[in-house]
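Hi everyone, thanks for making time. I'd like to walk you through a structure that may be new to you, so let's put it up on the screen.

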Amino acid sequence: MPFAIGLTGGIGCGKSRVAEKFAQLGAAVIDTDKIAHALTAPGGEALGAIAAQFGDGYQQSDGSLDRAKLRRLIFADPDAKARLEALIHPLIRRRAAAEMAALTHAPYVMIVIPLLVETGQYQERIHRILVVDCDEARQISRTMARSGLTEAEVRAVMLHQASRATRLQHADDIVTNNGALKDMEAQVIQLHARYLALADKRREKMRTA
């Protein structure tokens with residue numbers, strides 16, 4: 001199993017942009033959010049199970065998942081949230097594991113897991129946790145700008161995520177993403193060098209074990 005970092009952070013913190021920079025530097029990136037979208041796209045593996053559990057009213061005319069409608073349901077009904085997670089999380093983990101197993105020549109793997117802290121999953125696959133952090137005002141403004149959600153809707157999402165303090169308590173490494181793009185990229189470049197060294201050290205240890 002390659003050296004792996006779990007990248008996480010709250011909504012609007014800039015996880016995707018940070019992951020893109022790591023990919024540009026040569027890291028292999030597995031994004032569980034993208035896997036989830038693929039599973040719920042038209043013809044996706046999860047759609048049948050979701051329809052069986054919640055009914056056909058959560059599919060859009062193109063056959064994809066009506067995410068906004070389902071989000072409203074799970075925010076209002078904790079039992080529905082638990083049932084949805086029980087359906088989709090195993091599918092995401094299975095696909096992520098398959099992608100990771102195929103990355104035999106990657107220097108290291110960055111797995112983007114938005115709910116890493118909340119679920120406690122993937123611990124057996126990752127060696128470090130990297131938290132992308134920013135202040136809550138930026139989380140809200142960035143998410144509103146990109147998604148069209150209202151401030152109240154963004155805050156509702158945040159209430160269902162781990163708090164900023166809790167995420168930081170779990171972090172081995174932190175990228176602070178409050179300022180200019182170049183500041184974030186400089187932090188990523190430093191971490192990339194550290195992860196290459198740690199991955200080399202782990203490979204050497206495995207060879208001599």
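I'll go through some helix pairs, then a pocket, then one loop residue. Before that, keep in mind that what you're looking at is a predicted model.

Let's begin with helix 1, which covers residues 15-25, and helix 10, which covers residues 181-208. How far apart are the axes of these two? They're 10 Å apart, and the helices pack at an angle of about 50°. So helix 1 and helix 10 count as oblique to each other, and helix 1 goes past helix 10 in a right-handed crossing. If you want to find the contact on screen, look on helix 1 for Arg17, Val18, Lys21, Phe22 and Leu25. On the helix 10 side, the residues include Leu181, Met184, Glu185 and Val188, and further along you'll find Ile189, Leu191, His192 and Tyr195. Sorted by class, that contact has nine nonpolar residues, one polar and three charged.

Okay, next pair: helix 7 and helix 8, where helix 8 is residues 151-159. Here the angle is about 120° and the axes sit 9 Å apart. Again, that's why we call helix 7 and helix 8 oblique to each other. Is their crossing left-handed or right-handed? For helix 7 and helix 8 it's right-handed. Helix 7 brings Glu136, Gln139, Ile140, Thr143 and Met144 to the contact, while helix 8 brings Glu151, Val154, Arg155 and Met158. The split there is four nonpolar, two polar and three charged.

One more pair, helix 4 and helix 5. They also pack at about 120°, with their axes 5 Å apart, so helix 4 is oblique to helix 5. Who meets whom? From helix 4 we have Leu70, Leu73, Ile74 and Ala76, and they meet Pro78, Ala80, Lys81 and Leu84 of helix 5. This contact has seven nonpolar residues, no polar ones and one charged.

Now for the pocket. The largest one holds about 1500 Å³ of space. How many residues line the largest pocket? There are 50, and those nearest its centre are Asp33, His37, Arg67, Pro114 and Gln161. Several of the helices we've just met turn up again: among the elements giving two or more residues to the lining are helix 1, helix 4, helix 5, helix 7 and helix 10. Helix 2, at 32-39, and helix 6, at 116-119, are on that list too. Which helix gives the largest share of the lining? That's helix 5, with seven residues. As for the mix, the lining has 22 nonpolar, 15 polar and 13 charged residues.

Last stop, Ala171. You'll find Ala171 in the loop between helix 9, residues 164-170, and strand 5, residues 173-176. Leaving aside residues up to four places away in sequence, Ala171 touches Ile129 and Val131. And have a look at Gly9: Ala171 and Gly9 are 162 residues apart in sequence, yet their C-alpha atoms are 9.9 Å apart in space.

That's my tour, thanks for listening.

Methods: Residues are numbered from 1 along each chain as its sequence is written. This is a predicted model: local features need pLDDT of at least 70, side-chain atom pairs count only at pLDDT 80 or more; totals for chains, interfaces and linings use all residues. Side-chain values use heavy atoms; hydrogens and water are left out. Axes are lines fitted to C-alpha atoms, for helices over the stretch in contact, and angles run from 0 to 180 degrees between N-to-C directions. Helices (H or I, at least four residues) and strands (E, at least two) are DSSP runs, numbered from the N terminus. Angles under 35 degrees count as roughly parallel, over 145 as roughly antiparallel, 65 to 115 as roughly perpendicular and the rest as oblique. A crossing is left-handed if the near helix is turned anticlockwise from the far one by less than a right angle, and right-handed if clockwise. Contact means heavy atoms within 4.5 Å. Ala, Val, Leu, Ile, Met, Phe, Trp, Tyr, Cys and Pro count as nonpolar, Asp, Glu, Lys and Arg as charged, and the others, Gly among them, as polar. On a 1 Å grid over the protein atoms alone, a cavity is a set of points where a 1.4 Å probe fits but cannot get out, and a pocket is an open set with protein on both sides within 12 Å along at least five of seven lines; lining residues have an atom within 4 Å of a point. Grid points are joined across faces, edges and corners, and a volume is the space filled by probe spheres set on the points.
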